[in-house]
Amino acid sequence: MADPIAEYTLRVQQQEKHIRSLSAEIEQLQNPESLGVSPHLEELREENAKLKYRLNILKRSLQEEQRTGGRNMININQQLQELFEGAIRAAYPDLENPPLAVTPSQQPKFGDYQCNSAMGMAQMMKAKGQKVSPREIAEQIMRNIPENDMTLKLEIAGPGFINVHLKKNFVSKLLSDLLVNGVQPPSIEARKKVVVDFSSPNIAKEMHVGHLRSTIIGDSMCRLFEFLGHDVLRLNHVGDWGTQFGMLIAHLQDQFPDYLTASPPIGDLQAFYKESKKRFDSEEDFKKRAYQCVVKLQSKEPDFIKAWNLICNVSRQEFQKVYDCLGIKLIERGESYYQDMMTDVVKEFEEKGFVQLDDGRKIVFAPGQSIPLTVVKSDGGYTYDTSDLAALKQRLFEEKADIIIYVTDSGQATHFQVVFAAAQMIGWYDPRVTRVEHAGFGVVLGEDKKKFKTRSGDTVRLMDLLEEGLKRSMDKLKEKERDKVLTPEELVAAQEAVAFGCIKYADLSHNRINDYVFSFDKMLDDRGNTAAYLLYAFTRIRSIARLANIDEAALRRAAETAEVVLEHEKEWKLGKCILRFPEILQKILEDLLLHTLCDYLYELATTFTEFYDNCYCVEKDRKTGEVVKVNMWRMLLCEATASVMAKGFDILGLKPVQRM
């Protein structure tokens, strides 16, 4: 089914390209009177209309197949948008790029979804001298909505809002599919190669809270793309090259002269770095030797490569402790990986005439950018600009990436803006085809709203932070006397789930663009939009079936045979909330703002609480406590809620536990 769609789509694109070309030729003609309609252009348009008609039939057929037999979750909002888009085009074929606005309704009296396009269309038509009221436009749109299996009724409200009421059996069927198939990703047009550059600490320096943000946010983005079915390359662009390695190697030679035969016991690499930096700044002979070491390292002399590897390995072991705690998987590909590519990159910019000389430096100005890139320093060395250009080119041409995302602090936004502009200028990629994006984030603040530091003013070590989280998490669990009901193994699992989950969620639940205040007290609070609250809520939902003596096999049988009834308003509200999961993921895919998922999970948990408080799932004898009656379709709503929450946790990198 997919092959003819691809073929027709390609032919449509080729035809449209040809049409645009012919239209442009006509516009360029100097004599307005000679602007006749080309017979060839008319033939193309007619052929194009036929192709589009056949393509739409194929697409509808494929969608129907996916809806009835496929395993992918349906994005209801997207389906409604397609429905309204078709109706708007049929009602107003001459209106170019009409606004398409379909959103979930905020109040039940306004239906389940609303289409708000009529107001925007009225404004567009007014600008063209056509005065039509939004209500008239809304009526025209409604007349062109075809029969479908989603909508029960449409009604116009206010100035021209179209309220959409969904069919209960449509929602019930989607919930049954979710329960039978599990939480599946919504369908995607094509599997893409995605490169995410994140974490990126510097060798010989401690990982700090800035690296924590990049690591947590980048990992969650990768998890989202992976869940949606894309091919994801998780890259750790560590700072493992440069002049600082000269002083580190020179200091290593002095401190551990036999480093080539006996592995040096460097315990504290941070202290080692500070010692070498102090000597570099104060001892002239040491400074000269450090520069000589850099030259020998760049020449790849074996003894110096070994010294460099020794230093890098000490750092890697420290980084890995953090990654193991947080469950992060990465492929290290530091600046050193791109060293041999930099010469060719500079040569390419020179050959195309983009390089200028400035006080011995070689610089490149990109269009629309006031700051140049320095591709070669006055001493002949390369810079971060050069290595980032080389890395971008490698990812585009060797990895053949369709999407490249850089997760670093917002302070680097201008740098990446210039790098991307230079790459487009030289023709490496077209932003309409390849998505290259900097996903910036704000700084971590202490509770005093100043940059997060220790009391002595030092940067907070990441391992110290994680260990403090573990301690506080255990204190919280013991305060709630969980140590008296959980086994030692369950207690440790709960401790880690809460500690690392809370640290991750506190970061991800804030808009990444903004600064955020780091507070253990707030993140460990089990009230409000926190990981502690959600993890407890999830554990409680999972325990409902267990306490009713219903096992997974019984739930599965019920999912395959029982209808999910949605008669009570709280059942209906919960059912719709569960099914919004695909549209939430689609939104994050577009703006890379993961707090939207956190907000959704909190809304889902609170909507479930409303449902559970109003709709009994398990009825027990008040005297004996024995289960008298189980409402199976409500048990299925509990299961669907927990399944979506579990998948949401997985995308955020949280590990829920069965008992807490």
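This report describes the domains, sheets and one helix contact of a predicted model.

## Domain layout

The domain assignment divides the protein chain into four parts: domain 1 (76-166), domain 2 (196-239 + 335-445), domain 3 (243-332) and domain 4 (462-652). Domain 2 is given as two segments, and the range of domain 3 falls between them in the numbering. The centres of domain 1 and domain 4, taken over C-alpha atoms, are 36 Å apart. Six residues from domain 1 and five residues from domain 4 make up the contact.

## Annotated regions

Two UniProt annotations, both from an unreviewed entry, apply here. Residues 78-166 are listed as "domain: Arginyl tRNA synthetase N-terminal". That span is 39% helix and 21% strand, and its end C-alpha atoms lie 14 Å apart.

The annotation "domain: DALR anticodon binding" covers residues 534-660. Helix accounts for 69% of this span and strand for 6%. The C-alpha atoms at its two ends are separated by 12 Å.

## The parallel sheet

Five strands form an open sheet with parallel pairing, in the order 7-6-5-11-12. Its edges are strand 7 (331-332) and strand 12 (435-438), each of which pairs on one side only. Strand 7 is joined to strand 6 (residues 231-236) by two bridges in the parallel sense. Within this pairing, leucine 235 has isoleucine 331 of strand 7 as its bridge partner.

Helix 7 (residues 209-227) lies across three strands of this order, namely strand 5 (193-197), strand 6 and strand 11 (403-406). The angle between helix 7 and strand 6 is about 165 degrees.

## The antiparallel sheet

Another open sheet has three strands in the order 8-9-10, with antiparallel pairing. Strand 8 (355-358) and strand 10 (373-376) each have a single partner strand, so one side of each lacks a neighbour in the sheet. Neighbouring strands are turned against each other by 45 degrees on average, direction ignored.

Three bridges connect strand 9 (residues 361-364) with strand 10 in the antiparallel sense. In strand 10, leucine 373 is the bridge partner of valine 364.

## The hairpin of strands 15 and 16

Strand 15 (residues 618-620) and strand 16 (residues 627-630) run antiparallel and are joined by three bridges. Glutamate 619 is bridged to lysine 629 in strand 16. The two strands form a hairpin with six residues between them. In the turn, glycine 625 has a positive phi of about 80 degrees.

## Helix 19 against helix 23

Two packed helices are described by the angle between their axes and the distance between the axes. The axes of helix 19 (residues 552-561) and helix 23 (residues 632-652) come within 10 Å and cross at roughly 110 degrees. Because angles of 65 to 115 degrees count as roughly perpendicular, helix 19 is roughly perpendicular to helix 23.

On the side of helix 19, the contact is made by Ala554, Leu555, Ala558 and Ala559. Helix 23 contributes Met632, Met635, Leu636 and Glu639. Seven of the contact residues are nonpolar, none is polar and one is charged. The charged residue is Glu639 of helix 23.

Conventions. Residues are numbered from 1 along each chain as its sequence is written. This is a predicted model: local features need pLDDT of at least 70, side-chain atom pairs count only at pLDDT 80 or more; totals for chains, interfaces and linings use all residues. Side-chain values use heavy atoms; hydrogens and water are left out. Axes are lines fitted to C-alpha atoms, for helices over the stretch in contact, and angles run from 0 to 180 degrees between N-to-C directions. Helices (H or I, at least four residues) and strands (E, at least two) are DSSP runs, numbered from the N terminus. Angles under 35 degrees count as roughly parallel, over 145 as roughly antiparallel, 65 to 115 as roughly perpendicular and the rest as oblique. Contact means heavy atoms within 4.5 Å. UniProt positions are given in the numbering used here, feature names are shortened, and annotations may be inferred rather than shown by experiment. Two strands pair if DSSP finds at least two bridges between them. Domain bounds come from an automatic or database domain assignment.
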